[in-house]
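This report concerns a single protein model and the way its helices and selected residues are arranged. Please keep the sequence and the three-dimensional view at hand while reading.

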Amino acid sequence: SKLEYISAILFIGSALSKSAQIGLHIWLPEAMEGPTPVSSLIHAATLVTAGIFLIIRFNNIYIHHTSIMTGIVIIGSITTFFAASIGLFQNDIKKIIAYSTCSQLGYMFLSCGMNAFHYSIFHLM
């Protein structure tokens, strides 16, 4: 239905910002510049993984719309390649870790779009 499609798009938008996907990926390296305990909390805790968990949790909405799943695959693959490429040319170790995290979140986003939610949750754990 139309309402289901709109709610799926809104859930994807919130997952994009929370998981630092392409276009909204700038906040994670900037947040990692803080003190080490704060950056480790951002990196390892539930902050960046909450968007992926949102997609996994509401997968029954997404699997009925192939256009949304295709969009998730495209966003995840672009994020994976883009973040890994940026991470290669960084000098600060915290920014390298931040862009590596973005790349791994892109992998999880990509596998969600390919209807392999169990792989994403395994990678998340």
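The text below treats helix packing and then individual residues. The model is a predicted one.

## Helix packing

Two packed helices are described by the angle between their axes and the distance between the axes. The table gives these values for three pairs.

| Helix pair | Axis separation | Angle between axes |
|---|---|---|
| α1 and α6 | within 11 Å | roughly 15 degrees |
| α6 and α7 | 7 Å | about 160 degrees |
| α7 and α8 | within 7 Å | roughly 155 degrees |

**α1 and α6.** Helix α6 spans residues 66-88, and α1 covers 2-18. Angles under 35 degrees count as roughly parallel. With axes that cross at roughly 15 degrees, α1 and α6 are therefore roughly parallel to each other. The crossing in which α1 passes α6 is right-handed. On the α1 side the contact is formed by Y5, A8, I9, I12 and L16, which meet S67, I68, I72 and I75 of α6. By class, this contact between α1 and α6 comprises 8 nonpolar residues, 1 polar residue and no charged residues.

**α6 and α7.** Helix α7 is made up of residues 93-113. Angles over 145 degrees count as roughly antiparallel. Since α6 and α7 pack at about 160 degrees, they are therefore roughly antiparallel to each other. Here α6 passes α7 in a left-handed crossing. The α6 residues that take part are M69, I72, V73, I75, G76, S77, T79, T80, A83, A84, I86 and G87. Their partners in α7 are I96, Y99, C102, S103, G106, Y107, F109, L110, C112 and G113. The contact of α6 with α7 has 14 nonpolar and 8 polar residues, and no charged ones.

Two residues of α6 recur in these contacts: I72 and I75 meet residues of α1, and I72 and I75 also belong to the contact with α7.

**α7 and α8.** Helix α8 runs over residues 117-124. At roughly 155 degrees, α7 and α8 are therefore roughly antiparallel to each other. The passage of α7 across α8 is left-handed. From α7, the residues Q104, M108, S111 and C112 meet F117, Y119, S120, H123 and L124 of α8. Charged residues are absent from the contact of α7 with α8, which has 5 nonpolar and 4 polar residues. C112 of α7 takes part in the contact with α8 and likewise in the contact with α6.

## Residues around the α7–α8 connection

S111 lies in helix α7. With a relative accessibility of 15%, S111 counts as buried, because buried means under 20%. A polar atom of the S111 side chain is 3.0 Å from the backbone oxygen of M108. Beyond four places in sequence, S111 touches A116, F117, Y119 and S120.

N115 occupies the loop between α7 and α8. Most residues other than glycine have a negative phi, and most peptide bonds are trans. The phi of N115, by contrast, is positive, near 65 degrees, and N115 is not a glycine. N115 counts as partly exposed, at 46% relative accessibility.

F117 is part of helix α8 and counts as buried, at 8% relative accessibility. Which residues does F117 contact when its neighbours within four places in sequence are left aside? They are I55, I56, N59, I63, M69, S111 and C112. Among them, M69 belongs to α6, while S111 and C112 belong to α7. F117 and S19 stand 98 residues apart in sequence, and their C-alpha atoms are 16 Å apart.

## Residues in other loops

H65 sits in the loop between α5 (59-62) and α6. Is H65 buried or exposed? H65 is buried, with a relative accessible area of 13%. Outside its neighbours within four places in sequence, H65 is in contact with S1, E4 and Y5. Of these residues, Y5 is also one of the α1 residues that meet α6.

I26 is located in the loop between α1 and α2 (27-31). At 47% relative accessibility, I26 counts as partly exposed. A separation of 26 Å lies between the C-alpha atoms of I26 and Y62, which are 36 residues apart along the chain.

Definitions and conventions
Residues are numbered from 1 along each chain as its sequence is written. This is a predicted model: local features need pLDDT of at least 70, side-chain atom pairs count only at pLDDT 80 or more; totals for chains, interfaces and linings use all residues. Side-chain values use heavy atoms; hydrogens and water are left out. Axes are lines fitted to C-alpha atoms, for helices over the stretch in contact, and angles run from 0 to 180 degrees between N-to-C directions. Helices (H or I, at least four residues) and strands (E, at least two) are DSSP runs, numbered from the N terminus. Angles under 35 degrees count as roughly parallel, over 145 as roughly antiparallel, 65 to 115 as roughly perpendicular and the rest as oblique. A crossing is left-handed if the near helix is turned anticlockwise from the far one by less than a right angle, and right-handed if clockwise. Contact means heavy atoms within 4.5 Å. Ala, Val, Leu, Ile, Met, Phe, Trp, Tyr, Cys and Pro count as nonpolar, Asp, Glu, Lys and Arg as charged, and the others, Gly among them, as polar. Buried means under 20% relative accessible area, exposed over 50%, partly exposed in between (1.4 Å probe, protein chains only). A polar contact is a pair of N or O atoms within 3.5 Å; within protein, one must be able to donate a hydrogen and the other to accept it, and residues adjacent in sequence count only if both atoms are side-chain atoms.
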